[in-house]
Amino acid sequence: MIRPTVARVDLAAIRSNFTAVSTFLASSGTPAPRIIAVVKANAYGHGAPEVARALEAAGASMLACADIEEGIVLRRAGVRIPILVFGALGISDLDGVFEFDLTPTISTPTAAENLATAARKRGLSPFPGFAPNRGDSEQPGLTEKGDSPLFRLRCHLKIDTGMNRLGFRYDNLARTLPAIAKSEYLAIDAVYTHFATADEPEHPAFGDQRERFEQVLAALPALGLRPRYRHAANSAALLRDQRVWYDFVRPGLLLYGIVPPPLAATLPLRPALSLHTRIVHVKGTRAGEGTGYGLGSVSGTARTIAIVPAGYADGLDRRMAGRAFMLVRGKRVPVVGSVCMDMTTIDVTGLDVHTGDEVVIVGEQAGAEIGMREIAASIGTIPYELLCRVGTRIERVYA
């Protein structure tokens, strides 16, 4: 370890959070849904290979990532359970789906056509007499042609129920889905949707989307599709409404120990990531002086400031200046001046601090705590963004 700014990732906390979510799902009195653990964006900044292996060991049924490249990283890290690719599929990168045994999402007619073409070129085909997409429990690869097993590519179908992003529009399926249902090369194993306002309890769109998804599920058999599985709930949705649990849920932020704001929960979660650095310089400033670019945070009195070697290149937000705090010797000290590319200034007036003293940007120190939710709220953003922005030059230290 050379740089003093490090992210400590507690894999035991990841496993504990998974158990907490699993226990919550099992407490409903109905069969608990299985968990698709979301590890996209480098596992929300925590480190995808290490986190994925921890979640696989904890009992996740499936992992989910943003694109084929992320899925390949997981396979090369030794992950063996199914991996769902959420994102839109290009044309040139489809080989990874087959070579690394990934489960693609079909969210556009073009994606379906390209996947079917790629499957055909690779020699995949339906079982003799097999009814396309009947959604039963048969597994692929059961028949032989020459020396090679033949099977259809298992996919998840995404329905746009109102988010207006990826997915087949819920009100246009009679035109878009029949061709997919007849495909000899694609097996629609699951259908899912995504909520646009799961973390906004007062917004009516959540209920509207749930009702539309129910209508879609009822209509699919008539369109020739009988997927075995359904899923819709991210972290916020699974906390809000048991009706959207279906067969799988897709927690992300909860697994990293954070409840999506503004929601509250009693789950025994532990934040898995903490961010630590050390003071590299301490100096005094006189009354009327500012600090950093723009000479902001002018003080009417003399003060003591400390410099820490972390800035916006490491994922700190420039809006933290004048709004956020860090921990030094168990005390909250304000971020002052400007957050620079590589350095940030904190006001340590009245504290006995020295070069080399530990500074906690996120986490606990001597009974005090600063969390990602707090920092996000102070600067008007969300904890997802701050976690994902923890820079690549910050070493992750796993415990």
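Contact means heavy atoms within 4.5 Å. This is a predicted model in which local features need pLDDT of at least 70, side-chain atom pairs count only at pLDDT 80 or more, and totals for chains, interfaces and linings use all residues. Residues are numbered from 1 along each chain as its sequence is written, and side-chain values use heavy atoms, with hydrogens and water left out.

Q: What covers the buried residues of H6?
A: The cover includes helix H5 (95-99), strand E5 (103-106), strand E8 (153-160), helix H8 (178-181) and strand E10 (186-192). Helices (H or I, at least four residues) and strands (E, at least two) are DSSP runs, numbered from the N terminus.

Q: How do you know that the span of helix H6 agrees with the expected one?
A: The expected span of a helix is 1.5 Å times one less than its number of residues. For the 13 residues of H6 (residues 109-121) this gives 18 Å, and the end C-alpha atoms are 18 Å apart, so the two agree.

Q: Why is asparagine 164 called exposed?
A: Buried means under 20% relative accessible area, exposed over 50%, and partly exposed in between (1.4 Å probe, protein chains only). Asparagine 164 has 57% relative accessibility and therefore counts as exposed. This residue is found in the loop between E8 and strand E9 (168-169).

Q: Why does alanine 41 count as partly exposed?
A: Its relative accessibility is 32%, so alanine 41 counts as partly exposed. Alanine 41 lies in helix H2 (residues 40-44).

Q: What makes the phi of alanine 41 notable?
A: Alanine 41 has a positive phi of about 55° although it is not a glycine. Most residues other than glycine have a negative phi.
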